[in-house]
Structures are given as C-alpha cells and as structure tokens.
Amino acid sequence: MKILVCISKTPDTTAKIAFISNNTKFAGDGVQWIINPYDEWYALVRAIELKEKDPSIVIHLINVGVADSDPIIRKALAIGGDEAIRVNADSHDPYYVATQIAEAAKQGGYDLVLTGKETIDYNSSSVGGMIAELLDRPYIALATKFDLAGNTATVIREIEGGEETDEASLPLVVSCQKGVAEQRIPNMKGIMSARTKPLKVVEPVATEPLTSIVSFELPPAKAGVKLVPADNPAELIRLLHEEARVF
Amino acid sequence: MSVFIFIDHSEGHVKKASLEALSYGSALAAQLGTTAEGILLGTISTNPADLGKYGVKKIHQAAQPALDHLDAQVYAKIIADTVAAAGDSIVIFSNNSSGKAVAPRVAVRLKAGLVSGAIALPDTSNGFIVKKTVFSGKAFANILLATPFKVIALNPNAYSVKEGTGSAEIVPLTVQAPAPTIKVVSVTAASGEIPLTEAEIVVSGGRGLKGPENWGMIEELAHLLHAATACSRPVADAHWRPHNEHVGQTGIAIAPNLYIAIGISGAIQHLAGVNRSKVIVVINKDPEAPFFKAADYGIVGDAFEVVPKMIEAVKKLKTPSS
C-alpha cells in the first residue's frame with residue numbers, strides 16, 4: 001500500500017502577520033516557517049501510525065514549493081515517511097497546488113492521499129477536495145478518526161453538532177484534523193535518517209491558477225477593553241444586554 | 001447567468017448556515033440583477049417552497065432519499081451538471097462541513113475560481129473581488145475571481161439571515177445519481193445542546209477552571225444564554241472536555257455574536273480561532289492576561305466568584321419583572 005501525505009509550508013502559529021509591497025505580499029522575512037500543523041500532527045502522524053502496524057506501507061510526502069520548502073520537508077521526513085517529492089513551483093492558488101499533487105498522485109499510484117483539513121495561512125480547506133475531483137476519487141473531509149482494515153477505510157468526520165461515521169473503499173482522499181493522531185516530535189534517529197532519505201524535485205505541469213490575491217488587510221484594532229469591577233458581575237450582564245445587545 | 005445556492009440539510013432540517021448562504025446568494029443576485037436559485041439534494045421535513053422567503057425564486061430539487069446523506073463525489077457531479085446547464089454562473093456554499101467537502105470538487109468540475117471562507121458580498125464595481133479570512137482570522141485577503149464560473153463558500157455567522165416573504169418554485173431535478181462512493185454508517189449528535197459553529201453565543205473555559213468537575217457553572221451559564229460550550233486547547237488535550245469543543249487555530253474557528261472566555265489567558269493560537277467574534281468578554285484573575293487586549297468587556301477576578309454572580313444576574317434578567 002502507498003500513502004501520499006501532502007505537506008504545506010506555513011508561518012509559525014505565533015508569527016506576526018504583516019504585509020508588504022502595498023499590502024499584496026505577506027511579510028515573510030524573519031518569520032519561522034513550519035509544516036502546516038494539520039498536515040504534520042494529523043495527516044503525517046496517522047500515516048506513520050498505520051505504517052507501524054503494517055510495515056509494508058510506503059509513505060511519500062509531497063510539497064508544492066520552491067527550494068525554501070526543503071527544511072520543512074526534511075523535518076517531515078525526520079518525523080517519518082520514506083521519501084519526498086517537491087514540485088518546484090510557487091503555490092499560486094489551491095487549484096494550481098491540487099493540479100500538481102494530482103499529477104504526481106496519478107504517476108505514483110497511491111491508494112490513499114492524506115491532507116490536513118486546511119492550511120493555517122490561507123484557510124481554504126480546498127486542496128484535498130480538488131485533488132479528489134481531479135483523480136475522480138471519493139473524498140472525506142474533516143476526519144477526526146481514521147482506520148483501515150484491508151481495503152476499507154472507516155472514517156469519523158465532524159459535522160455541525162456531531163459526527164458521522166463513514167466507510168469507503170480505497171483509493172481515497174481524506175483531510176485530517178484533531179483526533180486523527182497525536183502530535184509527535186522527531187527523535188535523533190529520525191533526524192539522522194532524514195538526511196539521506198530521497199527528496200525528489202520535479203518540475204510542475206503547465207496549468208493556470210484560477211484565483212489571484214488582489215490585496216491583504218489587517219482587521220481594525222479593537223477600541224479597548226471595558227473593565228467591570230469583580231464585585232459587580234451584574235453590571236457586566238447589564239452592559240451586554242443594554243449596550244452590546246448580544247442577548 | 002444565475003446565482004445558485006446549495007441548500008445543506010441534516011436530519012430533515014435546513015442548517016442555519018445554509019439560510020445565511022441563501023440570504024447571501026439572494027443579495028448577490030439582486031446586486032447583479034439576476035435571480036437566485038437553490039439546489040436541494042435529498043428531502044427535508046418542511047416544504048422547500050417556503051425557503052422562498054430567503055429570496056430564492058426557484059429550487060432545483062432531486063428528491064431521492066438516497067441523496068439525504070452527503071457524498072461529496074455524487075453531490076459535486078449533480079450540482080456541477082445543474083449549474084453548467086444554466087451557463088456561466090455563481091455557486092454559493094456555506095463554508096461548513098458540507099461545503100468544505102463539496103465546493104472544491106464543484107469548482108474543479110466547472111473550472112471555477114473558488115473563494116472559501118468569504119465574509120462579505122463580492123465587490124463587483126471593478127471585476128469580481130471577494131473578501132475572505134486568512135491567517136486564521138488574523139487578516140483578510142481580497143481575491144479576484146475572473147473565471148466564467150465562480151464558487152464562493154461563505155463563512156458561518158459572517159452574513160445575517162434575511163427573512164422576507166415569498167415562495168419558491170420547485171423544479172424537480174431528474175438525475176441519474178451516480179452510485180454512492182461513501183457509506184454513512186451512523187450519525188451521532190455531540191453532547192452539547194447547540195452546535196458550536198452555529199451558536200450565536202459561546203461560553204468557553206480554560207485551564208483557569210482547574211478541572212473538569214468545575215464545568216457545571218460554565219454549562220449553566222451557557223444553558224441560560226442558549227449558548228454552546230467550548231474550551232481552550234490545554235483543556236481538550238487534558239481530556240477535561242471533548243476535542244470537538246476545542247476552539248482555536250488548530251481546533252474549530254468560530255465567529256459568534258458573543259464569546260465569553262473564562263479562565264483562558266488568550267494565547268495567540270486561541271485568539272486566532274475566536275477573533276472574528278463580534279463581542280468578546282474575558283473573565284480572568286490575571287490582569288496581564290493577553291486576552292484582555294482582544295476583549296470588548298472584561299472582569300479581572302476569580303472565575304469561581306464571578307461566574308456564579310453572572311448566572312444570578314442572567315437569571316434575574318430572564319425573569320419577567322413583576
């Protein structure tokens with residue numbers, strides 16, 4: 001069995017969000033870059049857990065990005081995974097990224113493609129569904145549990161106000177979130193072996209993005225907190241009712 | 001050209017997020033001088049024609065009970081075929097659990113630009129530009145859609161439901177539904193009374209509450225306010241509360257009208273999941289808690305003393321005065 005795990009490079013969760021070039025570009029200088037947490041903590045770790053139970057499983061990682069993605073790809077390989085592919089292109093938009101990954105997935109013949117539920121930078125939750133459509137495969141979004149028995153996957157997914165248990169046959173595309181696996185820290189053996197694992201760089205297939213970013217904006221600053229004395233919570237309730245009118 | 005709105009339902013009920021999408025799509029249709037049409041797959045327990053009061057003139061319904069449960073692959077094909085038959089159009093989804101599964105597939109089928117996480121009506125004065133949240137709510141991006149077909153997934157709680165009068169014409173969709181690729185084995189409701197992403201008020205607790213046994217007052221306050229309950233990441237990681245209550249950058253992002261954070265310091269990752277809330281209230285005994293900087297109202301005090309008094313005050317407010 002072959003699993004393809006999609007990993008995206010995002011700013012660290014504590015990175016300062018600011019924009020340059022007339023608010024058209026994220027100010028990435030000095031920012032710490034990480035593997036998108038949903039891709040790392042859930043999709044990748046779940047793939048590793050499956051391989052620990054069934055060592056015949058092969059895990060490949062894929063990233064669409066230029067050379068500055070290599071450090072996060074090596075880190076992902078240190079956590080686990082057998083080899084990595086980097087599609088040598090800027091990740092223009094979700095459709096562009098999905099097209100590149102779908103192309104590699106077709107060539108690699110993967111039984112399972114795992115993604116995070118979204119990236120923490122563009123929050124589009126789109127790439128997994130697009131890959132599935134491009135490959136004409138079933139797609140289960142927002143998985144909180146993922147299990148495999150032979151060729152059948154049992155997946156619990158989040159829905160409004162509850163959860164749904166689904167069954168589907170491989171090949172399949174699944175987007176993962178909290179619950180699927182527990183975050184892991186790479187150990188020394190993993191870090192050492194990651195240096196020699198194959199990282200194949202391939203050129204992108206020709207395709208056009210379908211969207212473009214015109215500009216970014218920061219939200220307006222809050223006016224400041226109105227503090228109510230601790231001995232008078234009734235005043236807070238009055239303000240919420242009469243001034244903020246939220247109930 | 002038309003504006004199509006996907007009508008999402010569960011257990012026979014149209015989801016609130018879908019009523020928002022219907023209202024948004026109808027407003028967009030009015031803005032563009034065209035008509036709004038719903039797409040309903042499966043059956044609901046009320047008369048679908050009544051959804052006309054949210055501004056849709058027609059509803060295309062494939063009323064097969066086999067379509068009651070979402071199958072992203074099957075749904076995407078029917079929706080894309082229906083929309084494509086009308087020529088260049090715009091398709092609106094809610095950016096909820098269903099929209100996230102189906103909208104990207106529909107966008108690929110129609111070769112449409114997709115904006116997921118939209119928070120406002122498009123600016124059509126110069127092109128077609130949609131504002132969406134990025135960086136987990138810490139910023140917005142304006143996205144240009146220049147493709148003939150366009151798909152927008154609207155964030156829940158970003159656009160108010162607008163209810164008028166009117167009845168929609170039901171147009172039966174005769175579809176050869178493709179064989180399902182996903183078997184829905186079971187659906188279970190979470191223990192909370194109100195779905196977190198649909199709640200207008202959310203009461204949330206953090207490590208400051210010291211243990212799961214102290215959640216009684218959180219639940220009571222939530223119950224009185226018809227609110228959903230939530231928690232911070234350390235609380236979910238310690239299994240004091242279920243994972244599906246974890247709000248924040250790596251949990252669920254929410255945008256209620258009122259978010260009450262009790263005993264939560266307000267780490268940047270937590271703020272990222274809640275900073276689209278319209279009003280934020282922070283109760284924390286540490287005056288230096290970073291959450292106060294993001295709050296509209298606050299009390300510096302001990303939750304175990306403050307919250308019972310809040311409950312008392314809400315009870316008094318809800319009791320009709322004699």
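Which residue in β17(B) is the bridge partner of Leu227(A)?

1. Gly298(B) is the one to look at: it sits in β17(B) and is the bridge partner of Leu227(A). Bear in mind that this is a predicted model. β15(A) and β17(B), the latter spanning residues 297–300, run parallel and are joined by 2 bridges.

2. Zooming out, that pairing belongs to an open sheet of 6 strands, ordered β15(A)-β17(B)-β16(B)-β15(B)-β13(B)-β14(B), with parallel pairing. The edges are taken by β15 (226–227) of chain A and β14 (228–231) of chain B; each has a single partner strand, so one side of each has no neighbour in the sheet.

3. Chain A also brings a helix to this region. α6 of chain A (residues 233–242) lies across β15 (258–262), β16 (279–284) and β17 of chain B, and runs at about 175° to β17(B).

4. Now the helix pair within chain B. The axes of α4 (residues 216–224) and α8 (residues 303–318) of chain B come within 10 Å and cross at roughly 20°; α4(B) and α8(B) are therefore roughly parallel to each other. The crossing of α4(B) past α8(B) is left-handed.

5. As for who touches whom, Met217(B), Glu220(B), Leu221(B) and Leu224(B) of α4(B) meet a set of α8(B) residues including Val307(B), Ile311(B), Val314(B) and Lys318(B). By class, the residues of this contact split into 8 nonpolar, 3 charged and no polar.

6. Finally, the domains. Chain B has domain 1 (3–172) and domain 2 (196–318), with C-alpha centres 31 Å apart. Contact involves 11 residues of domain 1 of chain B and 10 of domain 2 of chain B; the domain 1 side comprises 6 polar, 3 nonpolar and 2 charged residues.

Technical notes. Residues are numbered from 1 along each chain as its sequence is written. Chains are lettered from A and ligands numbered from 1 in the order in which they are written. This is a predicted model: local features need pLDDT of at least 70, side-chain atom pairs count only at pLDDT 80 or more; totals for chains, interfaces and linings use all residues. Domain bounds come from an automatic or database domain assignment. Two residues are in contact if their C-beta atoms, placed from the backbone, lie within 7 Å. Ala, Val, Leu, Ile, Met, Phe, Trp, Tyr, Cys and Pro count as nonpolar, Asp, Glu, Lys and Arg as charged, and the others, Gly among them, as polar. Axes are lines fitted to C-alpha atoms, for helices over the stretch in contact, and angles run from 0 to 180 degrees between N-to-C directions. Helices (H or I, at least four residues) and strands (E, at least two) are DSSP runs, numbered from the N terminus. Angles under 35 degrees count as roughly parallel, over 145 as roughly antiparallel, 65 to 115 as roughly perpendicular and the rest as oblique. A crossing is left-handed if the near helix is turned anticlockwise from the far one by less than a right angle, and right-handed if clockwise. Two strands pair if DSSP finds at least two bridges between them.
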